[in-house]
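Q: Please take me through this structure and explain how each label is earned. I am new to it.

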Amino acid sequence: MSLIPGFGMVRGMALTLRRFFEPKATIRYPEVKADIPPKFRGRLQLLYDEYGTLKCETCFQCAQACPIECIDMGGMDTKGRFHVHWGPPETYGERREESALRRSGRPVPDPAYTHFEGLDIRALDGILESFDHDPAHMLPILEATQAAYGYLPVAALKHISQVTGAWYATIYGTASFYGHLRFEPPSQAEQAAAMAARRPADADFMAGLGASLAGRPGGDA
Amino acid sequence: MTAPSRTGPQPSADDPRVMLDRDIGVFEPVPPYPPRTEREAEFYTLGDGQMLLNMGPQHPSTHGVLRVVLKLDGEKVVDLDPVLGYLHRGVEKLCENADYHQVISQVDPLEYISSLFCEWSPVIAFEKLLDVDVPRRAEYIRVLSGELNRIASHALFMGWFALDLGGLTPILWSFIERDEIVEMLAALTGQRMLFNYFRIGGVNGDLNHEFMSRLGDWMSRATKQIESNLTLLNQNEIFVRRARGLGVIDTAGALRMCMTGPNLRATGVPFDVRRAHPYSVYPELDFDVPTRTEGDSLARYLLRMEEIKQSIRIIDQCLHQMPDGPIMAKLPRLLRPRPGRAYAAIEGPRGQYSTYAISDGTDQPFRMRIHDPSFIHLQSVGVLMQNNLIADTMAIMASLDPVMGGVDK
Amino acid sequence: MTAIARTWGRLTLPGKVVFTLVPILAALTVGLIAVIAIFGGAIWDILLANLGIVRFVIAVTIILLVTIPIAFLNIYLEMKVIALMNLRVGPDRVGPWGSLLSVVHGLKVLMKEDFTPTGADAVVFTWAPVVTYGAAVMTVLVLPFAPGLIAQDFNIGLLYFFAVGGMGVVGLLMAGWASFNKYSLLGGLRSAAQIISYEIPLTLSVVGLLILAGTMSLNGIVEQQSGWFTDWFVFRQPLGFLIFFIAATAEGNRTPFDLTEADSEIVAGFATEYSGMRFGFFFFAEYVNVFILSALAVVLFFGGWNAPFPFPAISIPIDLAAIGLPLLFLIALVPPIATLIFAAPFYLMRSSMRWWVALIVGFVLFNVVAGGLVFAWAFVSFDWVAGLVWFLAKTFGFVFVFVWMRGTLPRVRIDQLMGFAWKWLLPAALLNLFVTAAAVVVVGS
């Protein structure tokens, strides 16, 4: 405080008046954008390598390391690439990646991971026996299994993996590669369509075919 | 002031179509349960001519979401009851369920004004648990960025304190100062507020050109600019008359209330963790521990402004003594310290900020206790505020400089 | 009939309103013209007989209308000046340099929900802003804006001013009590304590001036200060002016004495529970108060509408009738020619400029220059224009000082405020009064 009462206030007033004419600190946002330092990590974005492909390998290490779970994996984009999205996943409509769902403890809507029903494996054992448990004949085995059960149940795939020694992932990959193999039982409509497609065929021919193929792989049990 | 007595459902005054079964327009600060302690029973019993007033959690000048129930006699505060917990996150528990690296970003938002100090003490504690030697360059970078953050925090304190005393301008000037520092730290750490910069065994990223050029630019005019800002308040008769003798606490009282940091030093105790229990490279640096003897709000304010100058001194020395070398110690990706316990204290802008960590040999801390100075300082509010006026409640609170993120944890 | 009904049904809601209102208005206009045609002479006689009342009604209407732009201007000044002092830019989006932002604020306030809190005393709650705003507006009645431009030249003008201005506190007290909120109550009681305490030094500070002036009519006081600026009362009553200024700051609830709406202490004081246009009235009243207190300071101590030096009397006789027929050609030809002349340099100097942009620039420049010329002519030719300009310039200078103080100073505490009023201002005002009286006696004898 100064000796003369009120002089300090006058000095303050002089200071504000000087600031009145000084250049302003405001950044006029829409016209002028503040420069963002190169190291700024306020925004997540995937990098591209020099060939123009995404560097992300979808290893989920970033999402698993993130302590507050702000990083998460989104679904595929139109070109089949993964992209990371940020923010609460509830705001995104994409199908979430299975491992992300598993990590968050939510049910995975993929039949390969859901709890599967038990299966009568005697037919399957017969098929496997006929192929000598050889994983090299995986496609015929799977075709025969689908012919036997109408589709490829998860339990059957697990059993094939166990018996042949092939990795489940390989079997699943093979099965999911071919379009004519399916993981779900055909719906009522599909069955009806299939029946309608078969109707012109001669029933006797079908019966004969069935008899001739009886006990062989691909046969209609 | 009591509610007009009504019985049965009443039409609301706002909308006559709405029937209210009780007067919701009246929010009495009395808790809805019977008093649990003698103190509560005594506090919520009104004497002659007294009234209770809720200040917060939504109030223009509470610092964060603090609710204070004031017992008033006219304008005079007879008694008060702080109600905490509106910002409780359970950080200690979150830390116990995160691995050692993740703890750093969990504790970041505790004192969001000065995040680097929240990271610093757990990092030192974990380094003690792991028995790591931090490279000297990393230590210097830590001190450098920490002191910058201290200046940012103290500059903001100046603005808030003046705002609570009714000044409009200082808050914006101090925000300009803070913003320059924060942009600088964003260039260094990558974030403006929750830096997440310190790592166990070093720091995340070396000094870069952007940071150094901003720092040099700022250092060339920082002292002059801050001095100029201070003339607005330090010589202002109204400000000095209001702050002097406001919320006085003596040395014995401050020690009894476990005060640390500037609030303790304002009562004359030269206790600074940087000098009393040196950590990092502070023993090699030359700086003073300013003290004042008045113990009032003005002393606390002036002391913090003095600390800004000391921090600028430290930054200057850091820049001159900065060694070359690595910035991270060699550490495995997954940290599994041997079972044991470690304690680390640092001097934050608000006082002693410390962490006590227990390891059980897994990759997560078994127990992590965070000692936050804001919470400790807030308990002395009852002593400081009695027989003051309403106008001063917020100013006294501001002079203690609590951050509710740290109080509620 | 059905066609009319169908057409009516197709109309939108505004269309229906317009189609209803237009015939009513037309009928009313016709009726009014008929009444004037029939009873015109009699009405004119009655109006002439009661000229005072007519003048009063017209003046009140004009003042009510004038206070709104004044409040807008003050709000804009407050926003912009404080922003510039805070090293911000402040309003800069709506209108040139954001000058229309306060108008937008006014519209926003109009559109907001206007509610009464449960438990509030609805009648008092509703009338409080009216009382406050009314008190602020009524005081404008005695302000001499310019020679001859005064609504009512009371011989007790100053007394009226203080009496009516003091009524504003009643509104604040009503608002504080009726809001049913403890913060409002505290704010209302604070305003009562503060304003009543500061009325005393405020009134006493001008008593010395009244002794010197010998009249309470504000017009008379202004007329006594004509001539050089050394004749202004501020140089004969410096202490009186200082006390008056401090007390006026407190009267207008301005920083550093804005305890009634101290937002860091008692959320918004008496206005905590107000919203919408009721809050807008408090808001307006505050800024009108700033204006009238500045105006009173100018009138009492800074010579009112007097220029700071005797203005050399220049008269530019423009007898438009003498020009005769060429006047028509001038009116038709001068604007386009001047526009072209002003546009030419822009078009020639800047090749990137389109011709129509240059024309627009030239037209704007012509308007500015022509407006300036007309204003300069009016300034030197008419007494009241010059007086109004001087008065408004001085008054807004004071408004700037009030805003400047708000941008700089912190707020005082309530006990310091009261102590300052009773321990310092009141004795100083009494001292000023005694010294002035003694001087008058000594010089007069």
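**Labels and their grounds**

A: The model is predicted. A starting point is C:Leu87, which sits in the loop between helix H3 (51-85) and helix H4 (101-111) of chain C.

Q: What makes the phi of C:Leu87 worth a remark?
A: Its phi is near 65°, a positive value in a residue other than glycine. Most residues other than glycine have a negative phi.

Q: Why is C:Leu87 called partly exposed?
A: C:Leu87 has 18 C-beta neighbours inside 10 Å. A residue is buried at 20 or more and exposed at 12 or fewer, with partly exposed in between. The count of 18 lies between those bounds, so C:Leu87 is partly exposed.

Q: Which loop holds B:Ser280, and what is its phi?
A: B:Ser280 lies in the loop between helix H11 (273-276) and helix H12 (297-321) of chain B. Its phi is positive, about 55°, although B:Ser280 is not a glycine.

Q: Why does B:Ser280 count as partly exposed?
A: B:Ser280 has 19 C-beta neighbours inside 10 Å. Buried would need 20 or more, and exposed 12 or fewer, so B:Ser280 is partly exposed.

Q: Is C:Ala376 buried or exposed, and why?
A: C:Ala376 has 12 C-beta neighbours inside 10 Å. The limit for exposed is 12 or fewer, therefore C:Ala376 counts as exposed. This residue belongs to helix H15 (residues 355-381) of chain C. C:Ala376 and C:Ala386 are ten residues apart in sequence, and their C-alpha atoms are 9.3 Å apart in space.

Q: Why are H5(C) and H6(C) called roughly antiparallel?
A: Helix H5 (residues 122-139) and helix H6 (residues 157-165) of chain C pack at an angle of about 170°. Angles over 145 degrees count as roughly antiparallel, so the pair earns that label. The two axes are 8 Å apart.

Q: Which residues of H5(C) and H6(C) meet, and how do they divide by class?
A: C:Ala135, C:Met138 and C:Thr139 in H5(C) meet C:Phe161, C:Val164 and C:Gly165 in H6(C). The residues of this contact divide into four nonpolar, two polar and no charged.

Q: What makes up chain C as a whole?
A: Its secondary structure comes to 17 helices and zero strands. Of the 445 residues in chain C, 39% are buried. The C-alpha trace of chain C spans about 75 × 65 × 65 Å along its principal axes. Among contacts in chain C between residues at least 6 apart in sequence, 79% join residues at least 24 apart.

Q: How is chain C divided into domains, and how far apart are their centres?
A: The domain assignment gives domain 1 (56-88 + 101-310 + 384-444) and domain 2 (320-381) of chain C. The C-alpha centres of domain 1 and domain 2 of chain C lie 42 Å apart.

Q: How many residues of chain A touch chain C, and of what classes are they?
A: Twelve residues of chain A are in contact with nine residues of chain C. On the chain A side there are five nonpolar, three polar and four charged residues.

Q: Where in chain A is confidence lowest, and where highest?
A: Strand E2 (residues 82-86) of chain A has the lowest confidence, at a mean of 44, and helix H5 (residues 138-149) of chain A the highest, at 89. Over residues 75-99 of chain A the pLDDT is below 50. Beyond near neighbours in sequence, that stretch has 33 contacts in the model. Chain A averages a pLDDT of 70, and 52% of the residues score at least 70.

Methods:
Residues are numbered from 1 along each chain as its sequence is written. Chains are lettered from A and ligands numbered from 1 in the order in which they are written. This is a predicted model: local features need pLDDT of at least 70, side-chain atom pairs count only at pLDDT 80 or more; totals for chains, interfaces and linings use all residues. Two residues are in contact if their C-beta atoms, placed from the backbone, lie within 7 Å. Ala, Val, Leu, Ile, Met, Phe, Trp, Tyr, Cys and Pro count as nonpolar, Asp, Glu, Lys and Arg as charged, and the others, Gly among them, as polar. Helices (H or I, at least four residues) and strands (E, at least two) are DSSP runs, numbered from the N terminus. Axes are lines fitted to C-alpha atoms, for helices over the stretch in contact, and angles run from 0 to 180 degrees between N-to-C directions. Angles under 35 degrees count as roughly parallel, over 145 as roughly antiparallel, 65 to 115 as roughly perpendicular and the rest as oblique. pLDDT is the predictor's confidence in each residue, from 0 to 100. Domain bounds come from an automatic or database domain assignment.
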